[in-house]
Amino acid sequence: MSPLAKLAGLVFPACGASGAEGLMRPAPGELRHLQRPASPNSALAAPEDFPLKPDFVLPIYPIPATALFDAICRVAAAAPRTYLQAIYPENMEARWVARSALFNFPDVIVAEVSPRGEDKSSLV
């Protein structure tokens, strides 16, 4: 952790934490009750028919939902300064914390895969 992150941690406690520490552990199924914050520092990537308007429209992937979830987990695990916070494989849902390099600010990343039909999946 950089000296600036330690200093920022005096004002913003989550910046002084390591990995996924310092943030509340989520319960499964939070995306179903998602409420966007009033601040402009969030982004939502979802299919067009998601209950909230997404910032980025995702396609429906023509692969099994479990394969898509596994691929997402592998990509997240390989990302720098990204830490698994919670995983609910039975729901194909996971949450990571990505930390900025300089101030250690935490960004929360949530992924859920929802099956569509027999062989198609959609990332929410």
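**A tour of three strands and a pocket**

Begin by selecting I87, which stands opposite A94 of strand β5. This is a predicted model, in which local features need pLDDT of at least 70 and side-chain atom pairs count only at pLDDT 80 or more, while totals for chains, interfaces and linings use all residues. Residues are numbered from 1 along each chain as its sequence is written, and side-chain values use heavy atoms, with hydrogens and water left out.

Next, select residues 82–88 and 93–99, the antiparallel strands β4 and β5, which are joined by six bridges. Strands (E, at least two residues) and helices (H or I, at least four) are DSSP runs numbered from the N terminus, and two strands pair if DSSP finds at least two bridges between them. Four residues lie between β4 and β5 in their hairpin, where M92 in the turn has a positive phi of about 50°.

Stay on A94, whose bridge partner in β6 is A111, and then add residues 106–116, strand β6, which pairs with β5 in the antiparallel sense over seven bridges. In the hairpin of β5 and β6, six residues lie between the strands, and N104 in the turn has a positive phi of about 65°.

Finally, turn to the lining of the largest pocket (an open set of points on a 1 Å grid over the protein atoms alone, where a 1.4 Å probe fits, with protein on both sides within 12 Å along at least five of seven lines; lining residues have an atom within 4 Å of a point). Of its 30 lining residues, select S42, A43, V108, I109 and V110, the closest to the centre of the largest pocket. β6 gives the most to this lining, with six residues.
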